[in-house]
Amino acid sequence: MCSSDLTAFNIIPDQARLKGTFRTLCTRTRRQMSETIEEVAAAAAAVHRCNAEWVMMQGYPMTINSPEAVRRVRDVIGKLFDDPDQLAEHSTRMGGEDFSFFLERVPGAFIWLGTRNPGQGIVYDHHHPCFDINEAAMANGVALLSGLALTEA
């Protein structure tokens, strides 16, 4: 085995590294995916008389809102805003969120505050470099968080 630093499209490397991510909506499925990926990698390597090493780094757990906290958020929105129908609930999202660690220990709700700027024309996602925040929406966020803080749980 040589360890050459030369790279080109037509050189067969002596080793390769694949990186990726997977997300699931169920802890059991997450375990199964990890086991399956390891098995498939080992089998593919064996077919080609190679070795495979599988390293999995744990990412964020699923963000699971407490039904009681969601009801509380809904109630506060209904009291504070003229059009509570603006509340859009998303039952599942595949994003990774560090707030999920808090929700594993304390019941709560992860709230998305709509901050897209409708006057922008093209609507860019908040991770896009051209995203332009609608600063007027921040007042709604402050009102909602204040209302939640002043309401008994």
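**Reading a four-helix chain: a dialogue**

Modeller: The loop between H1 and H2 is where Arg-49 is located. This structure is a predicted model, and Arg-49 is a useful place to begin reading it.

Colleague: Is Arg-49 buried or exposed?

Modeller: A residue counts as exposed when its relative accessible area is over 50%. Arg-49 has a relative accessible area of 80%, and is therefore exposed. The backbone of Arg-49 has another feature: its phi is positive, at about 55°, although the residue is not a glycine.

Colleague: Which helices and strands does the protein chain contain, and in what pattern?

Modeller: The protein chain has four helices and zero strands. Along the sequence, this reads as α-α-α-α.

Colleague: How many of the residues in the protein chain are buried?

Modeller: Of the 153 residues in the protein chain, 14% are buried. The exposed surface of the protein chain comes to about 13,000 Å², with carbon and sulfur atoms supplying 55% of it.

Colleague: Where is Ser-66 found, and is it buried or exposed?

Modeller: Ser-66, like Arg-49, belongs to the loop between H1 and H2; helix H1 covers 27-47 and helix H2 covers 67-80. Buried means a relative accessible area under 20%. Ser-66 has 10%, so it is buried. Apart from neighbours within four places in sequence, Ser-66 is in contact with Pro-107 and Gly-108.

Colleague: With which residues is Ala-69 in contact, leaving aside its neighbours within four places in sequence?

Modeller: Ala-69 is in helix H2, and its contacts beyond those neighbours are Gly-108 and Ala-109. Ala-69 and Gly-108 are 39 residues apart along the chain, with 5.2 Å between their C-alpha atoms. Ala-69 counts as buried because its relative accessibility, 17%, falls under the 20% limit.

Colleague: What share of the contacts with a separation of 6 or more comes from residues 24 or more positions apart?

Modeller: In the protein chain, such residues account for 56% of those contacts.

Colleague: Which residues form the largest nonpolar core?

Modeller: The general idea is that nonpolar side chains tend to be buried together in soluble globular proteins. Here the largest nonpolar core has eight residues: Ala-69, Val-70, Val-73, Val-76, Ile-77, Ala-109, Leu-144 and Leu-148. H2 and helix H4 (137-150) each supply at least two residues of this core. The largest share, five residues, comes from H2.

Colleague: At what angle do the axes of H2 and H4 cross, and within what distance do they come?

Modeller: Two packed helices are described by the angle between their axes and the distance between the axes. For H2 and H4, the axes cross at roughly 115° and come within 10 Å. The crossing of H2 with H4 is right-handed. On the H2 side, the contact is made by Arg-72, Val-73, Val-76, Ile-77 and Leu-80; on the H4 side, by Ala-143, Leu-144, Gly-147, Leu-148 and Ala-149.

Colleague: How do the residues of the contact of H2 with H4 divide into nonpolar, polar and charged?

Modeller: Eight are nonpolar, one is polar and one is charged. Gly counts as polar and Arg as charged, so Gly-147 is the polar residue and Arg-72 the charged one.

Key
Residues numbered from 1 in each chain as written. Predicted model: local features only at pLDDT ≥ 70, side-chain atom pairs only at ≥ 80, totals over all residues. Heavy atoms only, no water. Buried < 20%, exposed > 50% of the residue type's maximum accessible area, 1.4 Å probe, protein only. Contact = heavy atoms within 4.5 Å. Areas by Shrake-Rupley, 256 points an atom, 1.4 Å probe, with all protein chains shown as cover. Core = buried A, V, L, I, M, F, W, Y, C linked by side-chain atoms within 4.5 Å. Axes fitted to C-alpha atoms, helices over the stretch in contact; angles between N-to-C directions. Left-handed = near helix turned anticlockwise from the far one by under 90°.
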